[in-house]
Amino acid sequence: EKVPKPRLTHFIALPIGQHAGLRERMENFTTALLRATPAIAGLDETVVIPARRLHFTLGVMSLDVDDSPERTVEHAKRVLDELRPKILEALGGEALRVRLDRMDIMKPERGDRERANVMWVGPAGEGESGKRLKCVAVDVIVQAFRDAGLVVDEKRELKLHCTVVNTIYRKPRGRKRTPFSYLAVLGSDALKAVLAAEAAGRMDANLKGAAEVEFGEWEVDEVQICEMGSWGPEGEYVAVARCPL
């Protein structure tokens, strides 16, 4: 018989929504998408992630929901505390920076880009800062939480991405998820305004793979353990533990 999935309570995050400059850029972009004419099918403000909440999720956890002595918030905090010297060593005196130069969607319904549910931005992963980010995020942070038996295994490779649109948050909630048209996003003036200069000339709706965009490069100044679905005073996720970098 099927083992019920554990209730997810917390996640390991690299927050970037604290940067006012990034929030402004992202809000300009999503506002332009919402105001597009003709309107983009399936897009409304309830499915747009508030910019203050922008982050990279490195792993999800189910803490303090059963009698496991391992899977507790206290244990997760200890693991994060002990990680700091390892992270700083891996950074070798450099800041942890992330470049938001790619935009794409998670696998759409029936492979149809008119039926997208999640759109994200993230790093192309090339170059020094991209390699450093992957090393710190995957080889150091995720590995430590895996070794401690804290992260729920999602049975897939970690894809570093920052979600910008997710139809799971649509209000009012229907019985089924209502997707949005990614093809309409690709054809929009809103996207043209954030395209990388070299991509602008060859951009069209037949694009396969990620769009080359320019949302800047931002510093990740701490690793956090955040509470799922929580709202802090600025609309950010509430961190139960922080590791300053």
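**Exercise: a bridge partner**

*Task.* Identify the residue of strand 10 that is the bridge partner of Gln224.

*Solution.* This is a predicted model, in which local features need pLDDT of at least 70, side-chain atom pairs count only at pLDDT 80 or more, and totals for chains, interfaces and linings use all residues. Residues are numbered from 1 along each chain as its sequence is written, and side-chain values use heavy atoms, with hydrogens and water left out.

Begin with the elements: helices (H or I, at least four residues) and strands (E, at least two) are DSSP runs, numbered from the N terminus. Next, take the strands concerned: strand 9 (residues 222–227) and strand 10 run antiparallel and are joined by five bridges. Two strands pair if DSSP finds at least two bridges between them. Finally, read across from Gln224: the partner in strand 10 is Arg242.

**Exercise: the sheet around strand 9**

*Task.* Give the order of the strands in the open sheet that contains strand 9, name its edge strands, and state which helices pack on it.

*Solution.* The sheet is open and has four strands in the order 2-1-9-10, paired antiparallel. Strand 2 (55–61) and strand 10 (239–244) each have a single partner strand, so one side of each is left without a neighbour in the sheet. From one strand to the next, the twist averages 20°.

Now consider the helices. Contact means heavy atoms within 4.5 Å; axes are lines fitted to C-alpha atoms, for helices over the stretch in contact, and angles run from 0 to 180 degrees between N-to-C directions.

Helix 2 (residues 73–91) packs on the sheet and touches strand 1 (10–15), strand 2, strand 9 and strand 10; its direction makes about 15° with that of strand 10. Helix 3 (residues 127–147) also packs on this sheet, touching strand 1, strand 2 and strand 9, and its direction makes about 160° with that of strand 1.

**Exercise: the sheet around strand 5**

*Task.* Describe the open sheet that contains strand 5, and find the residue that stands opposite Met119.

*Solution.* Four strands form this open sheet, in the order 6-5-4-7 and with antiparallel pairing. Its edge strands, strand 6 (162–166) and strand 7 (211–212), each pair on one side only. Strand 5 (residues 118–122) is joined to strand 6 by four bridges, and the two run antiparallel. Across from Met119 stands Val165 of strand 6. Helix 1 (residues 20–34) packs on the sheet, touching strand 4 (102–105), strand 5 and strand 6; its direction makes about 150° with that of strand 5.

**Exercise: aromatic pairs**

*Task.* State how many aromatic pairs a search of the whole structure finds, and classify each of them.

*Solution.* The criterion is as follows: rings of Phe, Tyr and Trp (its six-membered ring) pair if their centres lie within 6.5 Å, and planes under 30 degrees apart count as stacked, over 60 as edge-to-face and the rest as tilted. The search finds two aromatic pairs.

The rings of Phe11 and Tyr237 have centres 5.0 Å apart and planes at 85°, so this pair is edge-to-face. Phe11 is in strand 1 and Tyr237 in the loop between strand 9 and strand 10, 226 residues apart. Both residues, Phe11 and Tyr237, are buried; buried means under 20% relative accessible area, exposed over 50%, and partly exposed in between (1.4 Å probe, protein chains only).

Phe29 and Phe215 form an edge-to-face pair, with 5.4 Å from centre to centre and 65° between the planes. Phe29 belongs to helix 1 and Phe215 to the loop between strand 7 and strand 8 (217–219), 186 residues apart. Phe29 and Phe215 are both buried.

**Exercise: the length of helix 3**

*Task.* Compare the expected span of helix 3 with the distance between its end C-alpha atoms.

*Solution.* The expected span of a helix is 1.5 Å times one less than its number of residues. Helix 3 has 21 residues and should therefore span 30 Å; its end C-alpha atoms are 28 Å apart, which agrees. The buried residues of helix 3 include Leu133, Val136, Val140 and Phe145. Among the elements that cover its buried residues are strand 1, strand 2 and helix 2. Gly149, with a positive phi near 70°, follows helix 3.

**Exercise: unusual backbone angles**

*Task.* Locate Asp64 and Arg110, and state whether each is buried, partly exposed or exposed.

*Solution.* Asp64 is not a glycine, yet has a positive phi of about 55°. Asp64 lies in the loop between strand 2 and helix 2 and is partly exposed, with a relative accessible area of 46%. Arg110, also not a glycine, has a positive phi of about 55°. Arg110 lies in the loop between strand 4 and strand 5 and is exposed, at a relative accessible area of 74%.
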